[in-house]
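Me: Could you take me carefully through one part of this predicted model, and explain the terms as you go? I would like a connected account rather than a list.

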Amino acid sequence: MCGIIGVIDKQRELMDGSSIRDALSIMDERGSGEGAGYAAYGVYPDYADLYAIHVFYDNLVEPKTQVEDLLETWGMIEHDEEIPTWEQNGITKIHTPWRYFFRPKTRLMQRSKTPDDEIVKHIVMEVNKSIKGALVFSSGKNIGVFKASGWPEEVADFYRVEKYEGYLWLAHNRYPTNTPGWWGGAHPFNLLNWSVVHNGEITSYGTNRRYIESFGYDCTMYTDTEVVAYLMDLLVRRHGLTQELAVRALAPPFWEEIERMPENEQKFTTALRLTYGSAMMNGPFAIAVASPDSIVGFSDRIKLRPLVIGEHDNRIFISSEEAAIRTIDSAISRIYMPKAGHPIVGRTVT
Amino acid sequence: MIIGSRPTKFQVVVDKNQCMLCGRCVENCSYNVFRMEPEGIITNTRNCVACHRCISQCPRDAISIKERPCDYRSHPVWTAQIKENIFKQAESGKILLGGMGNAGQYPILFDHLVLDACQVTNPSIDPLREPMELRTYIGKKPKQLEFIQTPEEDTSLVTELVPNLKLETPIMIGHMSYGAISLNAHKAMAKAVSEIGTFMGTGEGGLHEALYPYQNNMIVQVASGRFGVDVNYLERGAAIEIKIGQGAKPGIGGHLPGEKVCADVSCTRMIPEGSDAISPAPHHDIYSIEDLKQLVLSLKEATEWKKPVFVKIAAVHNVAAIAAGIARSGADAVVIDGFRGGTGAAPSVFRDHVGIPIEAAVAAVDAKLRKQGIRNEVSIIASGGIRQSADVAKAICLGADAVYIGTAALVAMGCRVCGTCYRGLCSWGIATQRPDLVTRLNPDEAANNVKNLIDAWTLELAELMGAAGINSIESLRGNRDRLRGYMLDQSMLDVLDVNAIGA
Ligand code: SF4
Ligand code: SF4
């Protein structure tokens, strides 16, 4: 189960969180009230060039000091505050969400093409692996993830997502099967600028996890979705693949199809499959991945989970259900279902 | 002092009421158990090795063979086998030999691992309706791909892939040399692998002309004896394998007795007829990992960098570190042979007491290579003790790219694992060079049997993958999540890096 919905405005026109809240709620039967969340891009214009690091704290004493020490070792906290929340009946507040606006000292990560990203990645892994009682759940620039255990509307009201304005939204309603519903396990999963929502189960998780761990990513969330964010970071940021190519590596064409391709494409696709065989994902899934300038939707190679695309004016929608898209935009005319494994990409033009 | 004779192992009985005195048992038993006398078939039970050839050929089902119990005074420590070994050595003063794999009483780890299957939350995939991909590429892969982006927004690939072997199933047949086994056995397996689209090893005995038609599916071996190795041989193989060690006898070399070196074998091995073929324990040009690297590179150079080079080692305690060294030597694949690996002949003390099981070895090697971030760049082939398709699936989950089978392929051709291959009397025409015995194996029929076996395992593997919700072999490789340990202690679970059942 699980319901996903994402929307991008190609002109970066801002949308507040109210309609995405409604769209997600319409898919309530896809969830079990154990997890929901929202990711919004463009929400921190005042700190747009700083990393917005969101942390769940079990208490505001030991873990918080440790996280702040770590942040200060690697850079400067320019501003921080508790993420405002409003108690909801269905949500038991077990963590305190906190946010930092952070500037890494790039000279501390030499020999990297993207030192600031590397520093933040390192901090995220370090906190999630080693600091008990703290969990980084969002770490990109000018973006924020807001998630908790609860129903979509409760989580939205808990954070008052309608107060945030973004040009790209992702949202997820969870029906957990592999792990109990806990705050960290709710989607979207985020690393740096990547946010991922996922419906399904990745049967290749064991392979993917071992693969990604050999590149220095530590999987700590007990759930299959986090590897998708890490794989995108590895393939696109570090290995320089385009989003489309990355999706091709994650959900590659069957050999049969590859054999029918023109020679050049065949060579290319074979190389991709051989090199990134351990990154390829198996099992039923529909996934949407957001980055600051794009949203990508794709499903597994035999399409065991639903995925619907809607397009209208400057907006592209990706969802589990047409009804969710229509909740946001009732005038929408172009709605279609992409082919299995085929990436649908919406990009900003500015 | 005369120790006297030891009890016979088997009792061969011919049912006089059934026997029609056709004499087939006399003809078929290469160990001279049967004799035709006017009063009927007489047996010399003591010679029997339980190869079951007579039974398989008797038209009247007149023969029965039983393990013949004969109790010594029972003792938990000084078992019958220990005592008999002492008797033998007290008489001979020699090393005891044994054929086939480890016969020790170690638990079989494969049998303590269970595979996974999907239920509600995740659909299993039906291989009859959905594509299931078992194709595997063995060889070096780049760590990452490099592209150039042309102004027209076209991406083109800069990275050149090095040659890989393309396998339509992750099951190959490992190295058994011409000499140790017969030419008909070789032909049968070669034909089978070329029809399936997989590969087999030549063993260290060179490549016989009769196998040239199958050379695109043969992996040629370079062992310390360098038998049959010249550039023509190297060029004929689809890949080259340097053999350092073998699971059945880690740390020691090979020995093909002169009696088995007939004219044809002598020619293929490039050694004089009738001479013993000895491959020493070490390669005399390899005393360090740097030396190995040089050999890997020279073999590549000799074949113009067109062929993958594998290195085969026995699974030993430090196998992970050794494999990591091999991975960095430029080798395209590391072959790990577990202590259940078969052999024509090995000192039984080695066969039964040296080395470690393939399950643990593969898990440890995979883990080490991942830790060093190089797992993706080299392939792992697991061998030694693969008895069924479930073992293949489990080996892959533990980290292997593909497996080699050996004994299983022989069994498919009739071998009964009697373990007396070293005597050269194999009644099935497999492990022998005696012309009359060799002709017993029809290469076409045997090829069909081997092909059927690998086809059947491949189907089963596809079903197992489908049940686990996986439709390509890449996603099974190293997927420890799809395995659980049953009745394994924590330290073993840690080595295998699998959870216990129920977890
Ligand atoms: S050695 Fe083989 S053929 Fe001879 S009696 Fe025993 S089982 Fe039969
Ligand atoms: S190959 Fe022949 S001699 Fe060797 S174990 Fe099998 S049946 Fe016995």
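Reply: Met100(B) lies in the loop between strand S5 (97-98) and strand S6 (113-115) of chain B, where helices (H or I, at least four residues) and strands (E, at least two) are DSSP runs numbered from the N terminus. Although Met100(B) is not a glycine, its phi is positive, at about 60°. The model is a predicted one, in which local features need pLDDT of at least 70 and side-chain atom pairs count only at pLDDT 80 or more, while totals for chains, interfaces and linings use all residues. Residues are numbered from 1 along each chain as its sequence is written, chains are lettered from A and ligands numbered from 1 in the order in which they are written, and side-chain values use heavy atoms, with hydrogens and water left out.

Met100(B) also belongs to the surroundings of ligand 2, together with Cys415(B), Arg416(B), Val417(B), Cys418(B), Gly419(B), Thr420(B), Cys421(B), Cys426(B), Trp428(B) and Ala431(B); a residue is near a molecule if one of its heavy atoms lies within 4 Å of it. This shell is made up of 8 nonpolar, 2 polar and 1 charged residues, where Ala, Val, Leu, Ile, Met, Phe, Trp, Tyr, Cys and Pro count as nonpolar, Asp, Glu, Lys and Arg as charged, and the others, Gly among them, as polar. Ligand 2 occupies the second largest cavity, a cavity being a set of points, on a 1 Å grid over the protein atoms alone, where a 1.4 Å probe fits but cannot get out; a molecule sits in one if more than half of its atoms lie within 2 Å of its grid points.

Ligand 1 has residues of chain B around it too, among them Cys29(B), Tyr31(B), Cys48(B), Cys51(B), His52(B), Arg53(B) and Cys54(B), and its shell divides into 10 nonpolar, 1 polar and 1 charged residues.

Elsewhere in chain B, 8 strands form a closed barrel with parallel pairing, in the order S11-S12-S13-S14-S17-S18-S20-S21, two strands being paired if DSSP finds at least two bridges between them. Within this barrel, strand S18 (residues 333-337) runs parallel to strand S20 (residues 379-383) and is joined to it by 5 bridges, with Ala333(B) standing opposite Ser379(B). Helix H8 (residues 319-327) of chain B packs on the sheet and touches strand S17 (309-314) and S18 (contact means heavy atoms within 4.5 Å). The direction of H8 makes about 165° with that of S17(B), where axes are lines fitted to C-alpha atoms, for helices over the stretch in contact, and angles run from 0 to 180 degrees between N-to-C directions.

Technical notes:
On a 1 Å grid over the protein atoms alone, a cavity is a set of points where a 1.4 Å probe fits but cannot get out, and a pocket is an open set with protein on both sides within 12 Å along at least five of seven lines; lining residues have an atom within 4 Å of a point.
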